[in-house]
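The following exercises ask for careful reading of strand pairing, core packing and backbone geometry, each with a worked solution.

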Amino acid sequence: MTTLSVAVCSSFALIASAASQTTAAVIYDPVTWSTANAGNGHAYRAVFAPELMSWTEAKAMAESLGGHLVTLTSAAEASFVFSVVARPEQWWTDGGPWLGGYQDTSAPDYSEPNGGWRWVTGEAWSYTNWGNGEPNNYGGGENYLHYLDTGGSPVSTWNDQSNGRRQRGFIMEYSVPAPGALTLLGSVGWLRGRKR
Ligand SMILES: [Ca+2]
Ligand SMILES: [Ca+2]
C-alpha cells in the first residue's frame, strides 16, 4: 500500500527518513521562458523522484501541482527546457525524466512505433527529437515519452518507454501567474510513505 502526505521543506532539500521509510520528491524552483526572450511566458519545474515513478504517477503529480507534464512543441522550447530545467544529473542514472507525450492507442493514426503520439495538452504533435533508433516500442508497450537513457549522460533526445519502467521524476509546465494551488505548494515537498 502506498500513501501520500505533505511536509514542508526547502524545494531543493531531500528528506529521507530511515525510520519511517519515506523519501521526498524534490520540487525545483520554477524557471520562466519569458516572452522578452522570445518564449511563451510559461514556467517549468523539474521534479526529482528518488524512489521512481511511472508516467501515470508523474502526470497526476504534475496536475496536482497546478500544471501538466511538459510539452516540447518546438525546437526552441525543447532547447530552453533542456538547458535551463533538465539539469539534475542524477536523473540520468536510470533513464531521464518523463515528458508529456504518449501514444493514444485508440487514435485512427495509431501504429507502432511511430503513430498516434499526442501531447497531454492536445497541442499538435509535430516537432519531435527522437534518439537514434527511437521510437522502437522495444518489447512492446512503449507508449510514453521521456528523455533517453544514456547510462549517465544527460541528452536532449527522446525515447518511448513503458509506463511500468519507472523513472526518476518529470518536468512540468504551467502558465504564469501560477494557479493558487501552485503558489501554496511552492515551498512544499511531497513525502511518499511506503510500507515495506
Ligand atoms: Ca509504442
Ligand atoms: Ca524505446
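**Exercise 1.** Determine how strand β7 (residues 68–69) pairs with β12, and place Met 172 in its surroundings.

*Solution.* β7 and β12 pair in the antiparallel sense over 2 bridges, where pairing requires that DSSP finds at least two bridges between the strands, and strands are DSSP runs (E, at least two residues) numbered from the N terminus, while helices are runs of H or I with at least four residues. This is a predicted model, in which local features need pLDDT of at least 70 and side-chain atom pairs count only at pLDDT 80 or more, whereas totals for chains, interfaces and linings use all residues. Residues are numbered from 1 along each chain as its sequence is written, and chains are lettered from A and ligands numbered from 1 in the order in which they are written.

Next, Leu 69 stands opposite Met 172 in β12. β6 and β12 also run antiparallel, joined by 8 bridges, and there Met 172 is the bridge partner of Arg 45. Beyond four places in sequence, the contacts of Met 172 (C-beta atoms, placed from the backbone, within 7 Å) include Val 47, Ala 62 and Leu 65.

**Exercise 2.** Is Leu 52 buried, exposed or partly exposed, and what is its phi?

*Solution.* Leu 52 lies in strand β6 and has a positive phi of about 75° although it is not a glycine. Leu 52 counts as partly exposed because it has 13 C-beta neighbours inside 10 Å, given that 20 or more other C-beta atoms within 10 Å make a residue buried, 12 or fewer exposed, and counts in between partly exposed.

Technical notes:
Contact = placed C-beta atoms within 7 Å.
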